[in-house]
Amino acid sequence: MTVQLQSRPARGSVPIHLTTSTTWDDHARTLAPEVRRWLVATGFAGRANSHALVPGPAGTLASVWAGVRDVADPWLLAALPKALPTGDYHLGGDTGLAGDEPAAALSWQLGSYAFDLYKARPREPARLTLAATAGSRRSLLLAEVIAATRDLVNTPAEHMGPAELAAAVRLAARPHKAKVREIVGDELLAKGFPAVHAVGRAAARAPRLVELTWGRARDPLVAIVGKGVCFDSGGLDIKSADGMRLMKKDMGGAAHALALAQLVMALALPVRLQLLIPAVENAIAGNAFRPGDIFKTRAGLQIEVGNTDAEGRVILCDALAYAAEGQPDLVIDLATLTGAARTALGPALPALFCRDLGMARDIVDLGLAQRDPLWHMPLWRDYHPLIESEIADIVNTGKGPMAGAITAALFLEDFVPAKLPWLHIDLFAWNDSAKPGRPVGGEAQALRTLLAWLERRYAK
Ligand code: BES
Ligand code: ZN
Ligand code: ZN
């Protein structure tokens, strides 16, 4: 941890003073003339994500001035841990703005994130001492779970197959004494998960359904389902080289589902949890499922395969049907389901589908307030004919290229009983470009928002 929670800063710790481009002139006026002259001379003006090192008379580092957007920005200090000289720092609230402690903890901890499984980091990040408040503790939990989500997504498919994804679930279950069960390979057929089996059967690594359960019988059941396609080649409808390049991240929904489950358990929300991860590799071999094939799913619906690259909805339909059997109070699924959701909303806005418009709007509002946004898209019933099949109940691709994120969501909807509250989140799980605290690579999206919403819904 590069954030240390203790009441007193370490010896020799350097204070960081916060300012914004609008408050900077006022702050500058309170400084000793030589400090003000130094900051002016080095061009510091309080701009967000800029900082200045201030020397003391003996040539030591005496303080840091950091420009921020505003003090509650969840990415407040994210640029600093890798930019400041290695050493100890604390927030110097005596001059400048007082930093929001939870935002400081989250941004600093994520600002020091690096995926260093294969390559050592160039240097140690700087350390920050903060008071151990409930808010800063919660932020460090969030940061830890977000980092774990990124690590799972960043790990190449070679080292993150269905078995490794299941192992990650087991590891997360242990501290909370949650139960984990796996249905592996041909057992999927015997236990009634034919669609998961069909998608995963061609891979050298056996497909599986991973189920984690936790909580007390008397609490409401929340089912969280995550798309765990450890690599998506597209299957026989093979992807282009460009389209395949990032498909190690196609288990991003599963990583998010696991992260949300970890948060629910760590914060002991008064719910009973069922985490379901269908984990497969969409591979090509002689026994691969084919375009035109028809499979009976767990729910009894016959699905026709229009395209083997629309595999996510196929594995999810069995998991959703299974989740519904437990008559939960709520089902959430998370999936890197469609390129069309990215075409519509871009990489930074996950698409939220929900039959209850009031619920959807609450979540969108909360996402904006948390600065962890997602955006509402419609389950537009009039488009359902686009996924209707001549010879089966339903087909896994739309007729034509339009409304691809919606037709994928409508496909899933056929497997979720009408009365069951359900959130479907189609997300990217990836940063295409780097921002402070958010390097290029795997990303957790909408996680803080979903946690805050669950806490509100299930407040004790
Ligand atoms: N995993 C992809 C969706 C995806 C692609 C998400 C790129 C994020 C970035 C999914 O399995 C897929 O290939 N979907 C197809 C569906 C189509 C064949 C109907 C798509 O979106 O093109
Ligand atoms: Zn695909
Ligand atoms: Zn996929």
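**Exercise 1.** In this predicted model, find how many residues surround ligand 1 and which are the closest.

*Solution.*
Step 1. Count the shell: 16 residues surround ligand 1.
Step 2. Name the closest: Lys239, Asp250, Asp309, Glu311 and Gly339.
Step 3. Sort the shell by type. It holds 3 nonpolar, 5 polar and 8 charged residues.

**Exercise 2.** Find polar contacts of ligand 1 with Lys239, Asp250 and Thr336, then state what share of the ligand the protein buries.

*Solution.*
Step 1. Use a cut-off of 3.5 Å between N or O atoms.
Step 2. Take the side chains. A polar atom of Lys239 sits 2.8 Å from an oxygen atom of ligand 1. For Asp250, a polar side-chain atom is 2.8 Å from a nitrogen atom of the ligand.
Step 3. Take the backbone. An N or O atom of Thr336 lies 3.4 Å from a nitrogen atom of ligand 1.
Step 4. Turn to area. Ligand 1 alone exposes 520 Å², and the protein buries 78% of that.

**Exercise 3.** Describe the site of the zinc ion (ligand 2): which residues coordinate the ion, and why is the arrangement irregular?

*Solution.*
Step 1. List the donors: Asp232 (OD), Asp309 (O), Asp309 (OD) and Glu311 (OE), at 2.0 to 2.2 Å.
Step 2. Check the angles. The 6 donor atoms subtend 73 to 169 degrees, so the arrangement is irregular.
Step 3. Read the sequence spacing of the donor residues: D-x76-D-x1-E.
Step 4. Look for a bridge. Asp232 links the zinc ion (ligand 2) to the zinc ion (ligand 3), and the two ions lie 3.2 Å apart.
Step 5. Place two donors. Asp232 is in strand β10 and Glu311 is in the loop between β13 and α11, so the pair ties together parts 79 residues apart in sequence.
Step 6. Buried or exposed? Asp232 and Glu311 are both buried.

Technical notes. Residues numbered from 1 in each chain as written. Chains lettered and ligands numbered in written order. Predicted model: local features only at pLDDT ≥ 70, side-chain atom pairs only at ≥ 80, totals over all residues. Heavy atoms only, no water. Donors = N, O, S within 2.8 Å, 3.2 Å for Na, K, Ca; no water. Tetrahedral: all angles 85-135°; square planar, octahedral: opposite > 155°, others 65-115°. Helix = DSSP H or I, 4+ residues; strand = E, 2+ residues; numbered from the N terminus. Buried < 20%, exposed > 50% of the residue type's maximum accessible area, 1.4 Å probe, protein only. Near = heavy atom within 4 Å. Polar contact = N/O pair within 3.5 Å; in protein donor to acceptor, adjacent residues only side chain to side chain. Areas by Shrake-Rupley, 256 points an atom, 1.4 Å probe, with all protein chains shown as cover. Nonpolar A, V, L, I, M, F, W, Y, C, P; charged D, E, K, R; others polar.
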